[in-house]
Amino acid sequence: MQVQFEFTQDDLIDAAQRFSARSKVVRAIQWKNLLYSALLAWLLVFLFFYSSPVKGAILGLLAALVTAVLYPSSNRKALEKRMRKISREVLGDGNSFLCEVELRQDGVWVRQKNCQTLYERPGIEEVQETSDSVDIFTTAGSGVVVRDRAFASPEERLRFIELARAALNSTPQAAPSSTSKLNTN
C-alpha cells in the first residue's frame, strides 16, 4: 500500500521531536542538563550571599527550583530553534514538500526530497497511532510520521495501520523483490 502527502518544515520538526523523545540518551542528557542548570543557579546565588551562608543556601534552593521548573520549556524552545535552522539548511526556504510512503514485503519505503530510504522489516520497532498521524519507529531511533492527510478516508488510514502492524508481526519471506508490496488492494 502506498500513500503520499505534503509536509512542512513544522511537520519535520514535530517528527524530529517525536523521535528524540523516544531516545533514552536524549532523555538522560536533558535530565543531566536540568540538574547542572539548577546546581549552577544554586551555586551562583549561594556565592552572591556568601557572607550569609544560610540565607544564600535557602535563596539558592529557590533559584535552583525556579531554574528546574523553567528549564524544560526554555530547552524545548532552544532545541526547536536549532532544528528550524537545520531544517532550513537541508530543505531550503520552501515550506511544502512531498513524502511518499509504501508498505512493502521487505519493509517501509520512504521517498522525500529526492532521497529514498528503506526501513527493513527487522528494524521496525513499533507502529503507533496518534491523533494526527501514524508513526512508524525503528530500532535505530528514526522512522516516518505519516500524516493523516495522506489518507483519503479513515478506512484507508485503518487499513494502512493494519498492514503496517501485520508486517511488523510477521516473519519476512526469503529474498523479497524490491517491487513487491504487502497488499495494494
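This passage looks at charge pairing in the model and at two loop residues with an unusual backbone angle. The structure is a predicted model, and everything below was computed from its atoms.

Salt bridges come first. Opposite charges on side chains can pair up when the charged atoms get close. Searching the entire structure turns up 17 salt bridges, and a few of them are worth walking through.

Take Arg18 and Asp135, whose closest N and O atoms sit 2.9 Å apart. Arg18 belongs to helix H1 (residues 9–21) while Asp135 belongs to strand E6 (residues 133–138), so this salt bridge ties together parts that are 117 residues apart in sequence. Both partners, Arg18 and Asp135, are buried.

A second pair is Glu102 with Arg104, where the closest N and O atoms are 3.4 Å apart. Here too the burial can be put in numbers: Glu102 has a relative accessible area of 5% and is buried. Its partner Arg104 comes in at 13% relative accessibility and also counts as buried, because the cut-off for that label is under 20%.

The third pair, Arg159 and Glu162, is a helix affair. Their closest N and O atoms are 4.0 Å apart. Both residues lie in helix H4 (residues 154–169), and because they are three residues apart there, about one helical turn separates them. Neither is buried: Arg159 is partly exposed, at 29% relative accessible area, and Glu162 is partly exposed as well, at 42%.

Some salt bridges don't stand alone. Through shared partners, Asp11, Asp14, Arg18, Asp132, Asp135, Arg147 and Arg149 are joined into one network. The Arg18–Asp135 pair described above is thus part of that network.

Now for the backbone. Lys113 is not a glycine, yet its phi is positive, at about 50°. Asn114 does much the same thing, with a positive phi of about 60° despite not being a glycine either. As for where they sit, Lys113 is found in the loop between strand E3 (107–112) and strand E4 (115–120), and Asn114 occupies that E3–E4 loop too.

The two loop residues part ways in how they face the surroundings. Lys113 has a relative accessible area of 43%, which makes it partly exposed. Asn114, at 82% relative accessibility, counts as exposed, since that label applies over 50%.

Definitions and conventions. Residues numbered from 1 in each chain as written. Predicted model: local features only at pLDDT ≥ 70, side-chain atom pairs only at ≥ 80, totals over all residues. Heavy atoms only, no water. Salt bridge = Lys/Arg side-chain N within 4 Å of Asp/Glu carboxyl O. Helix = DSSP H or I, 4+ residues; strand = E, 2+ residues; numbered from the N terminus. Buried < 20%, exposed > 50% of the residue type's maximum accessible area, 1.4 Å probe, protein only.
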